[in-house]
Amino acid sequence: MSTILITGATSGLGRHVAFELVRSGHTVLAHGRDPGRTKSLVEELRSEGRAEGFVADLASLVQVRDLGARVAEAHPGLDVLINNAGVGAGSPGSGREVSDDGHELRLAVNYLAPVALTRALLPTLKANTPSRIVNVGSVGQEPVAFDDPEFTQGYAGFAAYCRAKFALAAHTFGLAEELAETGVAVNVLHPATFMDTAMVREGGVAPWSTVTDGAPGVLALATQDLGSGRFYDGTSPARAHEETYDKDVQKRLTTLTDQLLAL
C-alpha cells in the first residue's frame, strides 16, 4: 500500500479520490487551504483508514515549499504525489488576479505550485521507487505566451486556465524524460469535462459530469504502472496539445519556470 499526498483534497474531485484511496488501504495525506475544512476531512477519512492533514495556501510559493518539507519529514515513505488542487477560470467577468508572489493566479496555483511541490518532494519520491506523480490537467490547453507569461495584456480567465494546463502538460513530458531511469513515473490527465465542482459552478458552467466520472483516471495513474510521460483523457491514453511535445517549447518553459520560481 502507498503513502499518497493529494492536494486540494477538501472538496470536489480531490475529496472523492481521497476517500477512494483510504478505503483501498492507502495512507492519505490530505492537503487543504482551510485549516477547519482540512481537519474535518481528516476526521472523516480516519473513520475509514489512515489519513493525515496538511494545510497550505498554494498561492504562496513559500507555503508550497514548506508543505513539501513538512510532508517529506513526516512521511519519508511517500511514494505517490497527486497534484490535484487548482483554481478555475473565475466567475464570469472577473478580472486578472495575482498570487501572494505577484504571479497571475491561475499560472501560480495550477502550474507553479505543482512544479515547486514536485521539486520539493522529488528526493523522497526517488527514495521510494517505483513511485508516481499524477498531474491533474485538462483537455483545455492553450500555448503559453512567452512574451507575456503573466497574461498582463488582454486577460481572460478561461484562457489563463488553459495556458496553465498547457504548461503543466509540457512540464510533465519534459520531467518524464528527465526521470526516465529513476523509477519515478509522471503522467498528466484530463479527469472529466466540467465536473460538478465549485470551480465549474463559479465559472457559470452547467456541469456535464460528476467527480465520480473523473476519479477512475486519477486512481489508475496513482495506483497502477501505466508508463510515464503520457496524457490520459479519463482512463484512455490520449494526445495533449501538439505543442506540449515540442522540445523547444519544453526548454523555453523550463527556463521561464526557473525564472518565475526564483522571483
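This passage describes the sheet, the helices packed around it, and selected residues of a predicted model.

The model is predicted, so local features need pLDDT of at least 70 and side-chain atom pairs count only at pLDDT 80 or more, while totals for chains, interfaces and linings use all residues. Residues are numbered from 1 along each chain as its sequence is written, and side-chain values use heavy atoms, with hydrogens and water left out. Helices (H or I, at least four residues) and strands (E, at least two) are DSSP runs, numbered from the N terminus.

Eight strands form an open sheet. Their order is β3-β2-β1-β4-β5-β6-β7-β8, and the pairing is mixed. Two strands pair if DSSP finds at least two bridges between them. The edges are β3 (51–55) and β8 (236–238), each of which pairs on one side only. From one strand to the next, the twist averages 25 degrees. Strands of a sheet pair through backbone hydrogen bonds, either parallel or antiparallel.

Strand β5 (residues 131–136) runs parallel to β6 (residues 184–190), and six bridges join the two. Within this pairing, I133 stands opposite V186 of β6. Two helices pack on the sheet, with contact meaning heavy atoms within 4.5 Å. Helix α1 (residues 12–23) touches β1 (3–6), β2 (27–32), β3, β4 and β5. The direction of α1 makes about 170 degrees with that of β1. Helix α3 (residues 61–74) touches β1, β2 and β3. The direction of α3 makes about 155 degrees with that of β3. Axes are lines fitted to C-alpha atoms, for helices over the stretch in contact, and angles run from 0 to 180 degrees between N-to-C directions.

Strand β5 also pairs with β4, in the parallel sense and over four bridges. Burial of β5 is extensive: six of its six residues are buried. Here buried means under 20% relative accessible area, exposed over 50%, and partly exposed in between (1.4 Å probe, protein chains only). In a regular strand the side chains alternate between the two faces of the sheet. In β5, S131, I133 and N135 point one way, and R132, V134 and V136 point the other way.

V80 belongs to strand β4 (residues 80–83). The bridge partner of V80 in β5 is R132. V80 is buried because its relative accessible area is 1%. Not counting residues up to four places away in sequence, V80 touches S2, T3, I4, L5, L125, R132 and A222. V184 lies 104 residues from V80 in sequence, with 9.3 Å between their C-alpha atoms.

Just before β5, the backbone shows a cis peptide bond from T129 to P130, with omega near 0 degrees. P130 lies in the loop between α4 (105–126) and β5. Another backbone feature falls in the loop between β5 and α5, where F151 is found. Phi of F151 is near 55 degrees, a positive value in a residue other than glycine.

Helix α8 (residues 247–262) packs with α5 (residues 157–178) at an angle of about 100 degrees, and their axes are 9 Å apart. These two helices are therefore roughly perpendicular to each other, a class that covers 65 to 115 degrees, with angles under 35 roughly parallel, over 145 roughly antiparallel and the rest oblique. F166, A167, A170, H171, F173, G174 and E177 of α5 meet K247, V249, Q250 and L253 of α8. By class, this contact has six nonpolar, three polar and two charged residues. Ala, Val, Leu, Ile, Met, Phe, Trp, Tyr, Cys and Pro count as nonpolar, Asp, Glu, Lys and Arg as charged, and the others, Gly among them, as polar.

The axes of α4 and α8 come within 11 Å and cross at roughly 90 degrees. L107, Y111, L112, V115, A116 and R119 of α4 contact L253, T257, D258, L260 and L261 of α8. Eight nonpolar, one polar and two charged residues make up this contact.

The structure holds three aromatic pairs. Rings of Phe, Tyr and Trp (its six-membered ring) pair if their centres lie within 6.5 Å; planes under 30 degrees apart count as stacked, over 60 as edge-to-face and the rest as tilted. The rings of F151 and Y155 have centres 5.2 Å apart and planes at 65 degrees, so this pair is edge-to-face. Both F151 and Y155 are buried. F158 and Y161 form a stacked pair, 6.4 Å centre to centre, with 20 degrees between the planes. Both residues, F158 and Y161, lie in α5, three residues apart, about one turn of the helix. F158 counts as partly exposed because its relative accessibility is 47%. Y161 counts as buried, at 12%.
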